[in-house]
Amino acid sequence: EDADLANEYMASCNIEAWNNRMLKYEEHGKTILDIRLASIEKGPAEGITVDNAEFKGQNFRVSRGDASQFLKKMVEEISLAREYCANETEINMLDKYIECFTKGSIQAHKDGSAFWVKNKSPAVETYMGYIEVLRDPTNQRAEFESFVAVVNREQSRKFDTLVSRAEQEFLPLLPWSKEFEADVFSRPDFSSLDVVTFACSGLPIGINIPNYDDVREEQGSKNVSLTNVMSAHAGVRGGPFLSKEDTQLKEKYGSTSLEIQVGLHELLGHGCGKILRVKDDGTLNFDQEKVKNPYTGEPATHYQKGETYNSKFSNRASAYEECRAECVAMYLGLVDEILDVFSVAEEDRENIKYVSWLDMFYAGIKGLEMYQPKQSKWGQAHSMARFVILRVALEEGDGVVNVVETKGEDGLPDLLLTVDRSKIHTSGHKAIGNFLQKLQVYRSMGDSEAGRALFEKYSEVLMEGSHPFGKWHEIVVRKRKPRMVLIMPNTRIVGEEVELISYPETPE
């Protein structure tokens, strides 16, 4: 209840929650909800802090100084890094990071993110701040992360071709009308990166950032695939729940399939679609007379000032958006012209498509590892998203995929996942397309009621029926492999040279 009320208060003041925590305490006999911003500076700041405000009978405060000691160290290092910038844009970017971390201003971080987007194809990429909201129960507050990576030029050329052809050739293939697509496709700067170090709680294989809707619409975004992280994942052999033939196909084509899947997910998945909203000048970014809800025929709804996709879709926002991007990748991954971009030989195309869909459904089963039956809660957005896709395909795909209970070699219950190759282009494509259209339309209109109801229907883990995943949860957890450990290098300066220091792949 406190979190919901705080969301209302922040929306009324146009405060976005990325870099804050909410504290609750008693002061002079009153209960205070304190929205504490991360910053080096403490104390009042005009336009940023609020000493005391009453909203719907609750006392609120907006204060600063959270994580001060850590941000101070960050700013010392960023100040040193300014000397090594390649251009004025990079200097401006770092200056804005410094302002954000010093004052607690999200606007400064948005400005820094805009400079980051404008800095096209640098040799070294670095982005930092309160970025991903995946771990916050209300999908509002972000955790801090920071990465340094080196651009992989050869790999990046393929993605550049995909970007340049996206607006004219590939985006029009998506299953919604042009009113729900951005007026102008903001061409993301897609790079393939080799990570030197990534300070975060979970290492992704691809990212589309910044996460600010207004910056993305007005400045664009960058899509990055993390090549050396991806190759580490693709190197994992075997796995339960598949036939020997499917395991062999997965090992042969998995690396190429993953590269295409990540490229489409990050570039076109997160990069496509329009948010219907009130702009800063009070006008709408769409024609209210013409844009209709395709399912009701009524005028399309939209986001009011102060509302964002995350604030509307709340604790389902991350999983819903990841699901949308995954569906885009599945849908467009069947287009031969896109496979041409990735230099897939004609004789390998159908196997690549098959493995791509097999991988997604397989991830749907494996995702049950992240489900908590006692609380009926999902612990990870991507896992939830892929399980939803598996459920949609099982129920709407006319046999494109199936999961059955079997008996393992140890005599214990096991599962077998199968995909009907002949139905991928027909009933499978149709089922994913219909579902993807709904995800996009509800997201565009800010219709969180319909969007959440749709999503929660398929994310439910049932104990009964033809696919009792609640009962099968025990099998999935029992057959879980140890989590992959990724070892990161670091650099050091020796005289005039920079050395890269790598470490053996051990816990130590």
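1. Aromatic cluster. In this predicted model, one aromatic cluster is formed by Tyr97, Phe101, Trp116, Tyr127, Tyr130 and Phe144. A search of the whole structure finds 22 aromatic pairs, and one of them joins two members of the cluster: Tyr97 and Phe101 are stacked, with 6.4 Å from centre to centre and 20° between the planes. Both Tyr97 and Phe101 belong to helix H3, where they are 4 residues apart, about one turn of the helix. Tyr97 counts as buried at 0% relative accessibility, and Phe101 likewise counts as buried, at 1%.

2. A second aromatic pair. Phe387 and Phe469 make an edge-to-face pair, because their ring centres are 5.1 Å apart and their planes stand at 80°, where a value over 60 degrees is what the edge-to-face class requires. Phe387 lies in helix H13 (residues 381-396) and Phe469 in helix H16, so this pair ties together parts that are 82 residues apart in sequence. Both Phe387 and Phe469 are buried.

3. Charges over rings. The charged end of Lys222 sits over the ring of Trp116, at 4.5 Å from the ring centre, and Trp116 is itself a member of the aromatic cluster described in point 1. In another such arrangement, the charged end of Arg443 is placed over the ring of Tyr309, 5.5 Å from its centre.

4. Salt bridge between strands E1 and E4. The structure holds 37 salt bridges, and one of the individual cases is that between the side chains of Arg21 and Asp66, with an N to O distance of 2.6 Å. Since Arg21 lies in strand E1 (residues 20-27) and Asp66 in strand E4 (residues 58-66), the pair ties together parts that are 45 residues apart in sequence. The two partners fall into separate accessibility classes: Arg21 counts as partly exposed at 46% relative accessibility, whereas Asp66 is buried, with a relative accessible area of 12%, the limit for the buried class being under 20%.

5. Salt bridge at helix H3. The side chains of Asp95 and Arg82 meet in a salt bridge, again at 2.6 Å from N to O. Asp95 is in helix H3 (residues 88-103), while Arg82 is in the loop between helix H2 (68-81) and H3, and the pair, 13 residues apart, links distant parts of the chain. Asp95 is partly exposed, with a relative accessible area of 30%, and Arg82 is also partly exposed, with 32%.

6. Salt bridge between helix H16 and strand E12. Lys471 and Glu405 form a salt bridge through their side chains, with N to O at 3.6 Å. The pair links distant parts of the chain, 66 residues apart, with Lys471 in helix H16 (residues 469-478) and Glu405 in strand E12 (residues 401-407). Lys471 counts as partly exposed at 48% relative accessibility, and Glu405 counts as partly exposed at 38%.

7. Salt-bridge network. Beyond the individual pairs, Asp336, Asp340, Arg349, Glu350 and Lys353 are linked to one another in a network of salt bridges.

8. Nonpolar surface patch. Val124, Val148 and Val150 make a nonpolar surface patch of about 210 Å². Among these residues, Val150 is found in strand E6 (residues 143-151) and counts as partly exposed, at 40% relative accessibility, a value that satisfies the requirement of over 30% for residues that make up a patch.

Terms used
Residues numbered from 1 in each chain as written. Predicted model: local features only at pLDDT ≥ 70, side-chain atom pairs only at ≥ 80, totals over all residues. Heavy atoms only, no water. Patch = residues over 30% accessible without salt bridge, like charges linked within 9 Å, V, L, I, M, F, W, Y side chains within 5 Å. Areas by Shrake-Rupley, 256 points an atom, 1.4 Å probe, with all protein chains shown as cover. Salt bridge = Lys/Arg side-chain N within 4 Å of Asp/Glu carboxyl O. Helix = DSSP H or I, 4+ residues; strand = E, 2+ residues; numbered from the N terminus. Buried < 20%, exposed > 50% of the residue type's maximum accessible area, 1.4 Å probe, protein only. Phe/Tyr/Trp six-rings, centres within 6.5 Å; stacked < 30°, edge-to-face > 60°. Lys NZ or Arg CZ within 6 Å of the ring centre and 35° of its normal.
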